[in-house]
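Here are some notes to go with your first look at this one. Have the viewer open as you read.

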Amino acid sequence: MKPLRLLASALFRRARMERDMAEELALHMEYRADDLVRSGCSPAEARRRARLEFGAMEGYKERCREVRGLAWFDELRGNLRYAIRSLRASPGYASAVVLSLAIGIGANLCSLISVNSIVLHAFPYPHLNRIMMLWETNTRQGVESRQAAAANIFDWKEDTHSFEVLSAYRSWDALLTGGGEPERVQAARVSADLFSALGISPARGRGFTERECQPGSDAVVVVSHAFRKSHMPAAREPAGEKIALDGRGYTVIGVMPEEFDFPLATEMWVPLALSPEDKARRDVANLAVLGRLKAGVSAERARAELAALAATLEKRYPRTNAGRGVEIWPLGSINDITDRFVLILAFAAGFVLLLACANIGNLQLARFTARQKEMGLRAALGASRFRLVRQLLTESLVISAAGGVAGLWLGTWELGLLKAAIPAEILRWVGGLKHLQMDPGVLAFSFGLSLAAGAGCCLPSIYQLLRRRQGDGVSEALKEAGRGYTSSRAGNRARTALVSTEVALALILLVGAGLMVRTFDRMLTVNDGFDPRGLLTLEVTPSPNAYREGTPKAQYYTRALAEMGTLAGVEAAAASGGIGATKWEIEGREAPAPAEPRPGAWAITPKYFQAMRIPIVEGRPIAEQDGPDAPRVVVLSETLAHHYWRNSSPLGQRIRLGGADSPWLTVTGICGDVRDWFFGDAEPMAYVSYRQEPPAAVRFVLRTVRDPMQSAGSARLALRRVDANQAIYNVKTMEQHVAEQTSGVRTAATVMSIDAGIALLLALMGSYSVASFFVAQRTQEIGVRVALGASPRSILRMVLLQTARISSLGLAAGLSVALVLSAIMSRTLYNVVAMEPLTFVGLTAMLGASALLAAYVPARRAARVDPVIALRGE
Amino acid sequence: MPNQAELLPGTLDLLILKAVSLGPQHGYGILLRIGQISGNALSIEQGALYPALYRLERQDLLDTEWGTSENNRRAKFYSLTPAGVKRLKEETRSWNRTVMAVATALGARPQEA
């Protein structure tokens, strides 16, 4: 163990060892001098003689260091110094390498941070894999309801053994009043154990007790960290503060920690207080359920247990529970689609790094060839091959450390850009996106990655070095170097392979980016089915204690539309609001099969189709006459109507959107389809009259003649004239909505395009450098050819053909890999990204042509070679 | 100094081990002790002692410890490790054999050749 310990101290305690050694030797001199004084010398003479007798002090010290293993350390220092000096001597090479690596590492850092916060740590809850979302399904109707009925949840709680905690919640758009402007807040009613189910307790104050989950004693609220900061910054102890929600006073009892964000974007939590009647209901499914599995219980076991229980409940309560099942899903999988985009971008960034490495490898190879004379000299002077390898490696590590640092800086900057590009609305709704920030672990990993990349990049050069046998290495190198640039066949092969790889990687990235951009383009240009230009939207959720469900709400909407409809610049004012459609039934027909489309249901005001510019295909739209006492009517979307009435007209037929006690609705019209922005599919829709089925909340849409935002102020004022106590939110143009929705894909497409752009540049750099290298290497040969009568054109063709050969290798490889990868990508992203042959062909041709173009400059140089000069260079 | 023999290669290590075997000692002490036990008959360049000491320490034949010298100075004391004791024994035996052989060889008479 002693050698190891000595080596360790050689490395880490060098200073101390030096001190000890100096002290030991000084003591020796002192003793000697003392002895000499005792034998009669003068002190000065004694010191002089002691030094003389000792011999060459520095030489002995050096030999001591060598024995101690310090020589190793000194060589490293020497190598470092040498590396820095030689890199300084070739700033062009050094900056090209640093830049390539910085770009690669920067792109990677940025995407690793995204992976870390969005994919790996989106939900900062302990034992995340045990936290499950549960919901009811209706197998018979093919309905996937995300919510469950209270009485069923109590049965799940009672009769299953898989869960430690089973907790229910419901989100609540609350109206916050009392502090100036009324404001709409995102709240949630939660059962007392929701916080413990997620394993997070309030940062200040306390959570809810079971007693507070009783109607009457539930006027307590826990607020989010952000809410506390924005709304009660002055209060040192927020507990005890009073706030009013929907006109009712609540007392703040706690503040959740910053990382707690469940359900996403919730600003405050109140107890879920169910009355005994509510608790007994099985027909209304309006609660979301979250459970924490007991340790060691698998999701499968819990699923099986719940399925068995659901079957029992189905038998016991056939009227309400017929066809009802339970689905269970880990909370962590909720980010799924975002995760997939992020991971695909991470792969793209990985490819960029690989490409950067290939580029650096190529640069190093060229540099190595140019330095063969130097290497040969060093070998001739006695440096072993391994010593030279160590030298190359040191140089590589020095430069990759520089590249790494630059990359980390670049990545940090890129992350800032990325964060700025994400709209606030999206930030709230994607788990983990808020916490997109530098992480020391990821930083360290990225730096390690850059060192590893640097070490990897000099492998081709090291291979070249080791291939030479010790004996011939020296004289060969010196001889070859004397003739100017030459390179072994193996060196050329390595270069060709590297450049082909670069071209292949660039093609893969270009195709990936091409597909992403096409996807984003399609999302923007897809015919949404309505005209988003010139539309202003405002949302209002009338407070329930000011407006009871039903007619009072409808009256509020009518008055609001009357106020806004007469504003200058407003062409049409309308509103729409979602209503729960639990069923889909056509009079006189069998229930539809599970796979058949079921419409979403919206209550709309008469001018809705006009304002949105959704065409009426057949019949008439919802109109003024469809009041509460008139016959119930419905307008269906085209695709839905065609699915169920293939050869006939649905007009006059009757449908039902609820259970047996809901009214039949007569189809009065068919309107154009509205498309899903993400998949581009037509969405089946049923529109009813807002006065016959008043929605709890609406989105007003104003068709304006000018810029819609110019009407925002007057629209707000108009709404306030109707009722100043209601919160108005999400005031923006429809185009802003669309931009927000598509921002994720836009970001992905942008990042991917930047990656692809970098890839293209690097590949062109590679193509250029390898062509220049070949030209430089073959200058004499070209000179001979020209002297023998070869035309400049044929020389040009020769060089370009060589480039074409190399890049077509890369293109062929890249194209086949790109085909496979984009098929995988398309499937991973739910076929949102389509494979398009045109993209493939176009990009391949483009890349091939650019590679040739990059080689054209050196090729021109070759064509202009003057044979006299070239031959004299011999 | 007159009448001093040059040190044969490899013998310095042996002398150091011998000197240290008589009791832990610091560098200068070892030098003095070698002089003492050899009757000052051998010339050693003083500095050469230290690389040898460091090498023996590295080979695990000597142990070191910082202590206080006779004049109250901090000094590094060398002592034999068990391996050092063993090595001293072996080296002594092999040295004696060599000396004997060389002496016998040198004592040979011409007619016996």
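1. Start with two parts of chain A: the centres of domain 2 and domain 3 of chain A, taken over C-alpha atoms, are 49 Å apart. They still touch, with seven residues of domain 2 of chain A and six residues of domain 3 of chain A in the contact (two residues are in contact if their C-beta atoms, placed from the backbone, lie within 7 Å). On the domain 2 side of chain A that touches domain 3 of chain A, four residues are nonpolar, two polar and one charged. Here Ala, Val, Leu, Ile, Met, Phe, Trp, Tyr, Cys and Pro count as nonpolar, Asp, Glu, Lys and Arg as charged, and the others, Gly among them, as polar.

2. A word on ground rules: this is a predicted model, where local features need pLDDT of at least 70 and side-chain atom pairs count only at pLDDT 80 or more, while totals for chains, interfaces and linings use all residues. Residues are numbered from 1 along each chain as its sequence is written, and chains are lettered from A and ligands numbered from 1 in the order in which they are written.

3. For the wider layout, chain A is assigned domain 1 (2–68), domain 2 (76–129 + 333–486), domain 3 (142–322), domain 4 (487–525 + 745–874) and domain 5 (547–724). Those bounds come from an automatic or database domain assignment.

4. Now look at helix 26 (residues 743–777) and helix 29 (residues 837–863) of chain A, which pack at about 25° with their axes 8 Å apart. (Helices are DSSP runs of H or I, at least four residues, and strands runs of E, at least two, numbered from the N terminus; axes are lines fitted to C-alpha atoms, for helices over the stretch in contact, and angles run from 0 to 180 degrees between N-to-C directions.) Helix 26 and helix 29 of chain A are therefore roughly parallel (angles under 35 degrees). The residues of their contact divide into 13 nonpolar, three polar and one charged.

5. How do the chains meet? In the contact, 20 residues of chain A face 16 residues of chain B. Helix 2 of chain A gives the largest share of the chain A side, seven residues. That side has 11 nonpolar, two polar and seven charged residues.

6. Chain B has an open, antiparallel sheet of three strands in the order 2-5-4 (strands pair if DSSP finds at least two bridges between them). Strand 2 (25–26) and strand 4 (62–68) of chain B are at the edges with a single partner strand each, so one side of each lacks a neighbour in the sheet.

Conventions
Parallel < 35°, antiparallel > 145°, perpendicular 65-115°, else oblique.
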